[in-house]
Amino acid sequence: MTGRDMRRTAMGASVLVTGLMLAGKLSAWWITGSAAILSDAAESVVHVLATTVAAYSLWYSEQAPDRRHPYGHGKIAYFSAGFEGALIGVAALGIFFAALRALLLGPQLQEIGLGLLITAVLAAINGCLGVFLVVVGGREHSLVLRANGMHVLTDMWTSLGVVIGVALVWATGWLWLDPVVAAIMGANILYTAAKLLRGAFNGLLDQADPEVSGRIITCLNSAVARGDMEGFHQLRHRQADNILWIEFHAFLPGNMGVAAAHDHVTRVERALTALFPETTTYITTHIEPAHLHDDHPDGHEAPEDPLAAGG
(Lines give C-alpha, C1' and ligand atoms only; values in the text may rest on other atoms or scores of the structure.)
Protein backbone atom coordinates (compact mmCIF):
# COMPACT_ATOMS: atom_id res chain seq x y z
CA MET A 1 0.00 0.00 0.00
CA THR A 2 1.39 3.40 -0.99
CA GLY A 3 1.69 6.32 1.41
CA ARG A 4 -1.23 8.08 -0.27
CA ASP A 5 -3.41 4.96 -0.01
CA MET A 6 -2.50 4.61 3.68
CA ARG A 7 -3.45 8.23 4.38
CA ARG A 8 -6.78 7.79 2.61
CA THR A 9 -7.50 4.53 4.45
CA ALA A 10 -6.75 6.18 7.79
CA MET A 11 -9.03 9.12 7.03
CA GLY A 12 -11.80 6.82 5.82
CA ALA A 13 -11.63 4.88 9.08
CA SER A 14 -11.80 8.15 10.99
CA VAL A 15 -14.95 9.25 9.15
CA LEU A 16 -16.71 5.93 9.79
CA VAL A 17 -15.78 5.73 13.47
CA THR A 18 -16.73 9.37 14.05
CA GLY A 19 -20.32 8.62 13.00
CA LEU A 20 -20.38 5.58 15.31
CA MET A 21 -19.08 7.68 18.21
CA LEU A 22 -21.73 10.34 17.78
CA ALA A 23 -24.61 7.85 17.64
CA GLY A 24 -23.28 5.86 20.61
CA LYS A 25 -22.63 8.83 22.88
CA LEU A 26 -25.96 10.48 22.17
CA SER A 27 -27.60 7.17 23.03
CA ALA A 28 -25.64 6.95 26.30
CA TRP A 29 -26.67 10.50 27.23
CA TRP A 30 -30.32 9.84 26.36
CA ILE A 31 -30.30 6.76 28.56
CA THR A 32 -28.56 8.32 31.59
CA GLY A 33 -29.24 12.07 31.46
CA SER A 34 -25.63 12.62 32.58
CA ALA A 35 -24.08 16.06 32.00
CA ALA A 36 -20.65 14.44 31.83
CA ILE A 37 -21.77 12.04 29.09
CA LEU A 38 -23.50 14.95 27.33
CA SER A 39 -20.17 16.81 27.37
CA ASP A 40 -18.57 13.79 25.73
CA ALA A 41 -21.32 13.67 23.10
CA ALA A 42 -21.01 17.41 22.42
CA GLU A 43 -17.33 16.95 21.63
CA SER A 44 -18.27 14.21 19.16
CA VAL A 45 -20.78 16.49 17.40
CA VAL A 46 -17.93 18.91 16.78
CA HIS A 47 -15.68 16.03 15.76
CA VAL A 48 -18.04 15.05 12.93
CA LEU A 49 -17.70 18.49 11.34
CA ALA A 50 -13.95 18.63 12.02
CA THR A 51 -13.38 15.20 10.47
CA THR A 52 -15.34 16.21 7.38
CA VAL A 53 -13.11 19.25 6.94
CA ALA A 54 -10.02 17.13 7.62
CA ALA A 55 -11.02 14.59 4.95
CA TYR A 56 -11.48 17.35 2.37
CA SER A 57 -8.18 18.96 3.40
CA LEU A 58 -6.31 15.67 3.02
CA TRP A 59 -7.71 15.24 -0.50
CA TYR A 60 -6.95 18.85 -1.45
CA SER A 61 -3.41 18.78 -0.05
CA GLU A 62 -2.56 15.85 -2.32
CA GLN A 63 -3.46 17.73 -5.50
CA ALA A 64 -0.52 18.38 -7.80
CA PRO A 65 0.99 21.90 -8.09
CA ASP A 66 -0.62 24.04 -10.76
CA ARG A 67 -0.17 27.48 -12.30
CA ARG A 68 -1.99 29.23 -9.44
CA HIS A 69 -0.38 27.09 -6.73
CA PRO A 70 3.21 26.37 -7.85
CA TYR A 71 4.17 25.21 -4.35
CA GLY A 72 1.26 22.78 -4.18
CA HIS A 73 -1.72 22.79 -1.83
CA GLY A 74 -0.18 21.39 1.36
CA LYS A 75 -0.72 24.49 3.49
CA ILE A 76 -4.41 23.72 3.74
CA ALA A 77 -3.29 21.21 6.39
CA TYR A 78 -2.55 24.10 8.77
CA PHE A 79 -5.95 25.62 8.08
CA SER A 80 -7.55 22.24 8.80
CA ALA A 81 -5.62 21.85 12.06
CA GLY A 82 -6.52 25.40 13.12
CA PHE A 83 -10.16 24.89 12.20
CA GLU A 84 -10.26 21.65 14.19
CA GLY A 85 -8.62 23.39 17.15
CA ALA A 86 -11.20 26.19 17.01
CA LEU A 87 -14.06 23.70 16.90
CA ILE A 88 -12.65 21.80 19.86
CA GLY A 89 -12.48 25.10 21.75
CA VAL A 90 -16.15 25.77 20.97
CA ALA A 91 -17.02 22.27 22.21
CA ALA A 92 -15.15 22.98 25.46
CA LEU A 93 -17.20 26.13 26.02
CA GLY A 94 -20.40 24.16 25.42
CA ILE A 95 -19.27 21.58 27.96
CA PHE A 96 -18.61 24.28 30.56
CA PHE A 97 -22.13 25.63 29.96
CA ALA A 98 -23.71 22.18 30.34
CA ALA A 99 -21.74 21.56 33.54
CA LEU A 100 -22.79 24.92 35.04
CA ARG A 101 -26.41 24.29 34.13
CA ALA A 102 -26.30 20.86 35.80
CA LEU A 103 -24.75 22.34 38.95
CA LEU A 104 -27.43 25.02 39.18
CA LEU A 105 -30.44 22.83 38.36
CA GLY A 106 -29.16 19.62 39.86
CA PRO A 107 -28.27 16.53 37.78
CA GLN A 108 -30.90 13.83 37.20
CA LEU A 109 -29.23 10.48 36.50
CA GLN A 110 -30.75 7.13 35.52
CA GLU A 111 -29.62 3.80 34.03
CA ILE A 112 -26.01 4.69 34.81
CA GLY A 113 -24.64 1.17 34.35
CA LEU A 114 -25.73 0.84 30.71
CA GLY A 115 -24.52 4.33 29.89
CA LEU A 116 -21.12 3.58 31.42
CA LEU A 117 -20.79 0.37 29.40
CA ILE A 118 -21.57 2.14 26.12
CA THR A 119 -19.15 4.99 26.89
CA ALA A 120 -16.34 2.62 27.91
CA VAL A 121 -16.62 0.57 24.70
CA LEU A 122 -16.63 3.73 22.59
CA ALA A 123 -13.56 5.01 24.44
CA ALA A 124 -11.67 1.81 23.62
CA ILE A 125 -12.56 2.08 19.93
CA ASN A 126 -11.51 5.73 19.89
CA GLY A 127 -8.20 4.90 21.56
CA CYS A 128 -7.30 2.37 18.86
CA LEU A 129 -8.31 4.78 16.09
CA GLY A 130 -6.44 7.74 17.63
CA VAL A 131 -3.17 5.82 17.96
CA PHE A 132 -3.56 4.57 14.37
CA LEU A 133 -4.12 8.10 13.01
CA VAL A 134 -1.19 9.61 14.94
CA VAL A 135 1.19 6.82 13.87
CA VAL A 136 0.20 7.01 10.20
CA GLY A 137 0.21 10.81 10.29
CA GLY A 138 3.70 10.86 11.79
CA ARG A 139 5.07 8.26 9.39
CA GLU A 140 3.53 9.96 6.35
CA HIS A 141 4.24 13.51 7.61
CA SER A 142 0.53 14.35 7.39
CA LEU A 143 -0.46 17.17 9.72
CA VAL A 144 -4.13 16.59 8.84
CA LEU A 145 -4.02 13.01 10.13
CA ARG A 146 -1.95 13.91 13.21
CA ALA A 147 -4.36 16.70 14.17
CA ASN A 148 -7.33 14.41 13.63
CA GLY A 149 -5.63 11.69 15.68
CA MET A 150 -4.97 14.13 18.52
CA HIS A 151 -8.64 15.08 18.42
CA VAL A 152 -9.67 11.41 18.58
CA LEU A 153 -7.31 10.74 21.51
CA THR A 154 -8.68 13.79 23.30
CA ASP A 155 -12.13 12.33 22.77
CA MET A 156 -10.90 9.03 24.24
CA TRP A 157 -9.44 10.63 27.37
CA THR A 158 -12.62 12.64 27.77
CA SER A 159 -14.67 9.45 27.60
CA LEU A 160 -12.42 7.71 30.15
CA GLY A 161 -12.71 10.67 32.49
CA VAL A 162 -16.46 10.59 32.09
CA VAL A 163 -16.54 6.84 32.84
CA ILE A 164 -14.50 7.33 36.00
CA GLY A 165 -16.55 10.32 37.14
CA VAL A 166 -19.96 8.78 36.49
CA ALA A 167 -18.80 5.52 38.10
CA LEU A 168 -17.90 7.50 41.23
CA VAL A 169 -21.37 9.09 41.17
CA TRP A 170 -22.88 5.62 40.89
CA ALA A 171 -20.75 4.28 43.75
CA THR A 172 -21.06 7.23 46.13
CA GLY A 173 -24.41 8.77 45.26
CA TRP A 174 -22.76 12.22 45.05
CA LEU A 175 -24.62 13.63 42.07
CA TRP A 176 -22.64 16.87 42.09
CA LEU A 177 -19.59 14.93 40.86
CA ASP A 178 -21.19 14.52 37.42
CA PRO A 179 -21.05 18.21 36.34
CA VAL A 180 -17.67 18.65 38.06
CA VAL A 181 -16.21 15.84 35.95
CA ALA A 182 -17.75 17.46 32.86
CA ALA A 183 -16.00 20.75 33.67
CA ILE A 184 -12.65 18.99 34.16
CA MET A 185 -13.02 17.26 30.81
CA GLY A 186 -13.86 20.60 29.22
CA ALA A 187 -10.61 22.06 30.53
CA ASN A 188 -8.66 19.14 29.04
CA ILE A 189 -10.35 19.64 25.67
CA LEU A 190 -9.56 23.36 25.77
CA TYR A 191 -5.87 22.57 26.32
CA THR A 192 -5.80 20.33 23.23
CA ALA A 193 -7.52 23.05 21.22
CA ALA A 194 -4.78 25.52 22.20
CA LYS A 195 -2.06 23.07 21.09
CA LEU A 196 -3.66 22.56 17.67
CA LEU A 197 -4.13 26.29 17.16
CA ARG A 198 -0.51 26.99 18.10
CA GLY A 199 0.73 24.34 15.66
CA ALA A 200 -1.43 25.72 12.85
CA PHE A 201 -0.24 29.27 13.57
CA ASN A 202 3.43 28.23 13.48
CA GLY A 203 2.92 26.29 10.26
CA LEU A 204 1.22 29.18 8.47
CA LEU A 205 4.14 31.41 9.45
CA ASP A 206 6.66 28.82 8.13
CA GLN A 207 8.34 28.45 11.52
CA ALA A 208 11.47 26.31 11.09
CA ASP A 209 11.50 22.99 12.92
CA PRO A 210 14.69 22.94 15.08
CA GLU A 211 15.08 19.19 14.60
CA VAL A 212 14.87 19.47 10.81
CA SER A 213 17.31 22.42 10.89
CA GLY A 214 19.81 20.40 12.91
CA ARG A 215 19.66 17.41 10.55
CA ILE A 216 20.12 19.62 7.48
CA ILE A 217 23.05 21.54 8.98
CA THR A 218 24.76 18.31 10.07
CA CYS A 219 24.36 16.90 6.55
CA LEU A 220 25.75 20.06 4.92
CA ASN A 221 28.71 20.16 7.32
CA SER A 222 29.43 16.53 6.44
CA ALA A 223 29.39 17.49 2.75
CA VAL A 224 31.98 20.20 3.50
CA ALA A 225 34.13 17.67 5.38
CA ARG A 226 33.95 15.29 2.39
CA GLY A 227 35.02 18.03 0.02
CA ASP A 228 31.75 18.19 -1.94
CA MET A 229 31.71 21.93 -1.24
CA GLU A 230 33.83 24.44 0.67
CA GLY A 231 31.00 25.90 2.73
CA PHE A 232 27.41 27.16 2.60
CA HIS A 233 25.13 29.94 3.75
CA GLN A 234 21.64 31.38 3.16
CA LEU A 235 20.09 28.10 4.34
CA ARG A 236 16.30 28.17 4.52
CA HIS A 237 13.66 25.50 4.72
CA ARG A 238 9.88 25.32 5.05
CA GLN A 239 7.42 22.45 5.23
CA ALA A 240 3.77 22.12 4.27
CA ASP A 241 2.31 18.81 5.40
CA ASN A 242 4.53 16.13 3.79
CA ILE A 243 6.38 18.43 1.37
CA LEU A 244 9.71 20.00 2.37
CA TRP A 245 11.52 22.79 0.55
CA ILE A 246 15.22 23.44 1.19
CA GLU A 247 17.30 26.32 -0.20
CA PHE A 248 20.98 27.09 0.35
CA HIS A 249 24.04 28.65 -1.30
CA ALA A 250 27.02 26.33 -1.86
CA PHE A 251 30.63 27.59 -2.00
CA LEU A 252 32.72 25.86 -4.66
CA PRO A 253 36.20 26.57 -6.12
CA GLY A 254 36.06 29.45 -8.56
CA ASN A 255 37.94 27.52 -11.24
CA MET A 256 35.58 24.50 -11.16
CA GLY A 257 33.70 23.80 -14.38
CA VAL A 258 29.91 23.84 -14.61
CA ALA A 259 29.61 20.05 -15.06
CA ALA A 260 31.87 19.31 -12.08
CA ALA A 261 30.04 21.85 -9.93
CA HIS A 262 26.75 20.23 -10.88
CA ASP A 263 28.06 16.80 -9.85
CA HIS A 264 29.26 18.12 -6.47
CA VAL A 265 25.97 19.83 -5.71
CA THR A 266 23.93 16.83 -6.86
CA ARG A 267 25.72 14.62 -4.33
CA VAL A 268 24.85 17.08 -1.59
CA GLU A 269 21.22 17.26 -2.69
CA ARG A 270 20.93 13.47 -2.76
CA ALA A 271 22.29 13.28 0.78
CA LEU A 272 19.73 15.84 1.93
CA THR A 273 16.88 14.01 0.22
CA ALA A 274 17.94 10.74 1.91
CA LEU A 275 17.46 12.42 5.31
CA PHE A 276 13.69 12.58 4.79
CA PRO A 277 12.65 9.35 2.99
CA GLU A 278 8.95 9.73 3.84
CA THR A 279 8.80 13.35 2.66
CA THR A 280 8.64 14.83 -0.82
CA THR A 281 11.70 17.08 -0.81
CA TYR A 282 12.48 19.92 -3.22
CA ILE A 283 15.96 21.45 -3.05
CA THR A 284 17.15 24.67 -4.67
CA THR A 285 20.90 25.25 -4.62
CA HIS A 286 22.72 28.44 -5.64
CA ILE A 287 26.39 27.95 -6.53
CA GLU A 288 28.93 30.64 -5.60
CA PRO A 289 32.71 30.86 -6.13
CA ALA A 290 34.16 30.38 -2.66
CA HIS A 291 36.44 33.43 -2.94
CA LEU A 292 33.54 35.70 -3.94
CA HIS A 293 30.79 34.63 -1.57
CA ASP A 294 31.44 37.59 0.73
CA ASP A 295 30.22 39.84 -2.10
CA HIS A 296 26.78 38.26 -1.89
CA PRO A 297 24.42 40.07 0.53
CA ASP A 298 23.07 38.05 3.43
CA GLY A 299 19.51 39.23 2.82
CA HIS A 300 17.47 39.64 5.99
CA GLU A 301 19.28 37.05 8.11
CA ALA A 302 20.90 38.15 11.32
CA PRO A 303 24.66 37.38 11.54
CA GLU A 304 24.12 35.22 14.61
CA ASP A 305 21.47 33.12 12.86
CA PRO A 306 22.77 29.51 12.79
CA LEU A 307 21.11 29.03 9.41
CA ALA A 308 22.94 31.97 7.85
CA ALA A 309 26.33 30.37 7.35
CA GLY A 310 28.10 27.07 7.72
CA GLY A 311 31.07 25.01 6.73
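**Warm-up: confidence**

Let us start with how far the model can be trusted: the mean pLDDT of the protein chain is 77, and 86% of its residues reach 70 or more. Here pLDDT is the predictor's confidence in each residue, from 0 to 100. This is a predicted model, in which local features need pLDDT of at least 70 and side-chain atom pairs count only at pLDDT 80 or more, while totals for chains, interfaces and linings use all residues. Residues are numbered from 1 along each chain as its sequence is written, and side-chain values use heavy atoms, with hydrogens and water left out.

**Exercise 1.** Find where confidence is lowest and where it is highest in the protein chain.

*Solution.* Step one: the low end is strand β4 (residues 309-310), with a mean of 52. Step two: the high end is helix α8 (residues 258-275), at 93. Step three: look at residues 299-306, where pLDDT stays under 50 and the model has eight contacts beyond four places in sequence. A contact means heavy atoms within 4.5 Å.

**Exercise 2.** Lay out the order of helices and strands in the protein chain.

*Solution.* Step one: count eight helices and four strands. These are DSSP runs numbered from the N terminus, helices being H or I of at least four residues and strands E of at least two. Step two: read along the sequence to get α-α-α-α-α-α-α-β-β-α-β-β.

**Exercise 3.** Work out how β2 pairs with β1 and with β3.

*Solution.* Step one: β1 and β2 are antiparallel, with eight bridges; strands pair if DSSP finds at least two bridges between them. In this pairing, G231 stands opposite F251 of β2. Step two: β2 and β3 run parallel and are joined by 10 bridges. From β2 through α8 to β3, the chain makes a right-handed β-α-β crossover, meaning that, with the strands pointing away from the viewer, the path from the first strand over the helix to the second runs clockwise. Step three: I243 has T280 in β3 as its bridge partner. Step four: check the cover of β2, where nine of its 10 residues are buried. Buried means under 20% relative accessible area, exposed over 50%, and partly exposed in between, with a 1.4 Å probe and protein chains only.

**Exercise 4.** Describe the surroundings of W245, beginning with its place opposite Y282 in β3.

*Solution.* Step one: W245 and Y282 form a stacked aromatic pair, 6.1 Å centre to centre with 25 degrees between the planes. The rule takes rings of Phe, Tyr and Trp (its six-membered ring) with centres within 6.5 Å; planes under 30 degrees apart are stacked, over 60 edge-to-face and the rest tilted. Step two: W245 lies in β2 (residues 243-252) and Y282 in β3 (residues 280-289), so the pair ties together parts 37 residues apart in sequence. Step three: compare accessibility; W245 is buried at 11%, whereas Y282 is partly exposed at 41%. Step four: add R238, which lies over the face of W245 at 4.6 Å from the ring centre. This needs NZ of Lys or CZ of Arg within 6 Å of the ring centre and within 35 degrees of the ring normal.

**Exercise 5.** Characterise Q234 by its strand, its phi and its accessibility.

*Solution.* Step one: Q234 is in strand β1 (residues 231-240). Step two: phi of Q234 is near 55 degrees, a positive value in a residue other than glycine. Step three: Q234 is buried, with a relative accessible area of 4%.
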